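Here is a short tour for anyone who likes to check a fold by eye. Have the viewer ready and follow along.

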Amino acid sequence: MTQQATPARPAPRGKLRRVLPLLITAWLVLEIWLLVQVGSWLGGLTVLLLLIAGAVIGGSLIKRAGLKALSAAIEQSRDPKPQQPQTGTTMTVLAGLLLILPGFLSDLVALTLLFPPTRALWRAAGRRLADKALRSTSAVGADPFADAMRLQEQIRIHRPDGKVIPGEVVEPEAGPQGPDTTYRPPITG
């Protein structure tokens, strides 16, 4: 009698992974519907000019954010500080990318990323999502976002395995410091 191996069940997908394709499809359908509605109201040439203007403005936003991040990195390298000031470049780059994408709904979301009150709301939502991913108890490999956040946290504390080693700083005794002249036997192998 031979035993047949039962096929392994794939790991269940997370809620976001199940819903994300539907959300993207709904977003695309809404963008196309909105383009058609605005096009019938303003005219096709005006819509085309608005889309081109959005792409140009988005590109200039990304360029400006990149230059701002570069100058902040240069300043940080000249005068290292323990707490780096926030430059807001991530939100600006994301807004620029959304402006480059054709569609008015993405442009509206991009504008919410640019204005300080709504930018603060987006930042708070992102922090909550990151904290939730860091506290996630899912197995490694089950949630790619949680894995990425854990890896970032490990890199942040400068240890590849993420462990913190408790220690104690020992100060040398006060007194005259000079060359160490104590006798040490030679090393024999």
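The report below goes from the overall fold to two helices, one threonine and a surface patch.

## Overall fold

This is a predicted model, so please read everything here in that light. The protein contains six helices and zero strands, and the order along the sequence is α-α-α-α-α-α.

Of its 189 residues, 17% count as buried. The protein exposes about 15700 Å², with carbon and sulfur atoms supplying 67% of that area. If you take the contacts between residues at least 6 apart in sequence, 47% of them join residues at least 24 apart.

## Helix H2

Helix H2 covers residues 44-78. With 35 residues at 1.5 Å a residue, H2 should span 51 Å, and its end C-alpha atoms are indeed 51 Å apart, so the two values agree.

Which residues of H2 are buried? They are Val47, Leu51, Gly54, Gly58, Leu61, Ala65 and Ala72. The buried residues of H2 pack against three helices: H1 (15-42), H3 and H4 (104-114).

## Helix H3 and threonine 92

Helix H3 runs over residues 89-100. Its twelve residues, at 1.5 Å each, should span 16 Å; the end C-alpha atoms lie 16 Å apart, so expectation and model agree here too. The buried residues of H3 are Thr89, Met91, Thr92, Ala95, Gly96, Leu98 and Leu99.

Threonine 92 is worth selecting in your viewer. Is this H3 residue buried or exposed? Threonine 92 has a relative accessible area of 6%, so it counts as buried, the cut-off for buried being under 20%. Setting aside neighbours within four places in sequence, threonine 92 is in contact with Leu61, Arg64, Ala65, Leu114 and Arg119. Two of these partners, Leu61 and Ala65, appear among the buried residues of H2, and Leu114 falls within the residue range of H4 (104-114).

## A nonpolar patch on the surface

Now turn to the outside of the model. Leu16, Val19, Leu20, Leu23, Ile24, Trp27 and Leu28 make a nonpolar surface patch of about 640 Å².

Leucine 20, one of the patch residues, has its place in helix H1. With a relative accessible area of 40%, leucine 20 is partly exposed, because that class lies between the 20% limit for buried and the 50% limit for exposed. Threonine 92, by contrast, is buried at 6%.

Methods
Residues are numbered from 1 along each chain as its sequence is written. This is a predicted model: local features need pLDDT of at least 70, side-chain atom pairs count only at pLDDT 80 or more; totals for chains, interfaces and linings use all residues. Side-chain values use heavy atoms; hydrogens and water are left out. Helices (H or I, at least four residues) and strands (E, at least two) are DSSP runs, numbered from the N terminus. Buried means under 20% relative accessible area, exposed over 50%, partly exposed in between (1.4 Å probe, protein chains only). Contact means heavy atoms within 4.5 Å. Accessible areas come from the Shrake-Rupley method with a 1.4 Å probe; for residues, only the protein chains shown count as cover. The expected span of a helix is 1.5 Å times one less than its number of residues. Patches are made of residues with over 30% relative accessible area and no salt bridge: like charges are joined within 9 Å, nonpolar side chains (Val, Leu, Ile, Met, Phe, Trp, Tyr) within 5 Å. A salt bridge is a side-chain nitrogen of Lys or Arg within 4 Å of a carboxyl oxygen of Asp or Glu.
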